[in-house]
Amino acid sequence: MDQMTPQQIADKVFELTERFNQYVFDNPDILDDIPDKAALVFLDADDPAFNRANMELALALPRPTDAPVVYVKMQKRIRVVEQVEWQPNILTAPLAA
């Protein structure tokens, strides 16, 4: 998808903002890396079309001159968790070990 609609951009910004907020809730120290009054621009590591559109939009919006722009690249991390499941086998007589 080369061109994104304003609604698609807004939906993606909302999703990435939610994910970022969840991360901050679990890792509040990350806020130490963000300057005061910073304008956050969310980027998706897997969506260059969104990134272009969102950077253009963010740079076009008015902001105070002392507000630095901070780019937050969000990347999905997949955790594989091994889950043990027990399955019974019904026997008529116990087997010898």
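Okay, a quick definition before anything else: when I say strand, I mean a DSSP run of E with at least two residues, and strands are numbered from the N terminus. With that in hand, Val69 lies in strand S2. And a reminder that what we're looking at is a predicted model.

Let's stay with Val69 for a moment. Is it buried or exposed? Neither, really: its relative accessibility is 25%, and buried would need under 20% while exposed would need over 50%, so Val69 counts as partly exposed. If you skip the neighbours within four places in sequence, Val69 touches Ala39, Val41 and Arg63. Take Val41: along the chain it sits 28 residues from Val69, yet the two C-alpha atoms are separated by 7.1 Å.

Now, on to the core. In general, nonpolar side chains of soluble globular proteins tend to be buried together. Here the largest nonpolar core has 12 residues, namely Met4, Ile9, Leu16, Phe20, Val24, Ile34, Phe42, Phe50, Ala53, Val70, Val72 and Met74. Which elements put in two or more residues? Those are helix H1, running 6-26, helix H2, running 48-60, and strand S2, running 69-74. H1 gives the largest share, four residues. One of the core members, Ile34, is in contact with Phe20 and Leu40, again leaving aside its neighbours within four places in sequence.

So let's look at H1 itself. With 21 residues at 1.5 Å each, H1 should span 30 Å, and its end C-alpha atoms are indeed 30 Å apart, so the two agree. Which of its residues are buried? Ile9, Lys12, Leu16, Phe20 and Val24. Those five cover an arc of only 110° around the axis, which means they sit on the same side of H1. And what do they pack against? The buried residues of H1 pack against strand S1, that's 39-44, plus H2 and S2. Flip to the face turned away from that buried side and you find Gln7, Phe14, Phe25 and Asp26, which are exposed.

You'll have noticed a lysine in that buried set. Lys12 lies over the face of Phe50, 5.6 Å from the ring centre. Phe50, remember, is also in the core. While we're on rings, the structure holds one aromatic pair.

One more residue on H1: Thr17 is in this helix too. At 25% relative accessibility, Thr17 counts as partly exposed, because it falls between the 20% and 50% cut-offs. Thr17 and Met4 are 13 residues apart along the chain, and their C-alpha atoms are separated by 18 Å.

Over to H2. This helix has 13 residues and reaches 18 Å from first C-alpha to last, close to the 18 Å expected at 1.5 Å a residue. Its buried residues are Ala49, Phe50, Asn51, Ala53 and Asn54, and they pack against H1 and S1. Phe50 and Ala53 also turn up in the core list.

Last stop, the loop between H1 and S1, which is where Lys37 is. Most residues other than glycine have a negative phi. Lys37 isn't a glycine, but its phi is positive, about 65°. Is Lys37 buried or exposed? Its relative accessibility is 60%, and the cut-off is over 50%, so Lys37 counts as exposed.

That's my tour, happy to take questions.

Conventions
Residues are numbered from 1 along each chain as its sequence is written. This is a predicted model: local features need pLDDT of at least 70, side-chain atom pairs count only at pLDDT 80 or more; totals for chains, interfaces and linings use all residues. Side-chain values use heavy atoms; hydrogens and water are left out. Rings of Phe, Tyr and Trp (its six-membered ring) pair if their centres lie within 6.5 Å; planes under 30 degrees apart count as stacked, over 60 as edge-to-face and the rest as tilted. A charge sits over a ring if NZ of Lys or CZ of Arg is within 6 Å of the ring centre and within 35 degrees of the ring normal. A nonpolar core is a set of buried Ala, Val, Leu, Ile, Met, Phe, Trp, Tyr and Cys residues joined through side-chain atoms within 4.5 Å. Buried means under 20% relative accessible area, exposed over 50%, partly exposed in between (1.4 Å probe, protein chains only). Contact means heavy atoms within 4.5 Å. The expected span of a helix is 1.5 Å times one less than its number of residues. The arc is that of the directions from the helix axis to the C-beta atoms.
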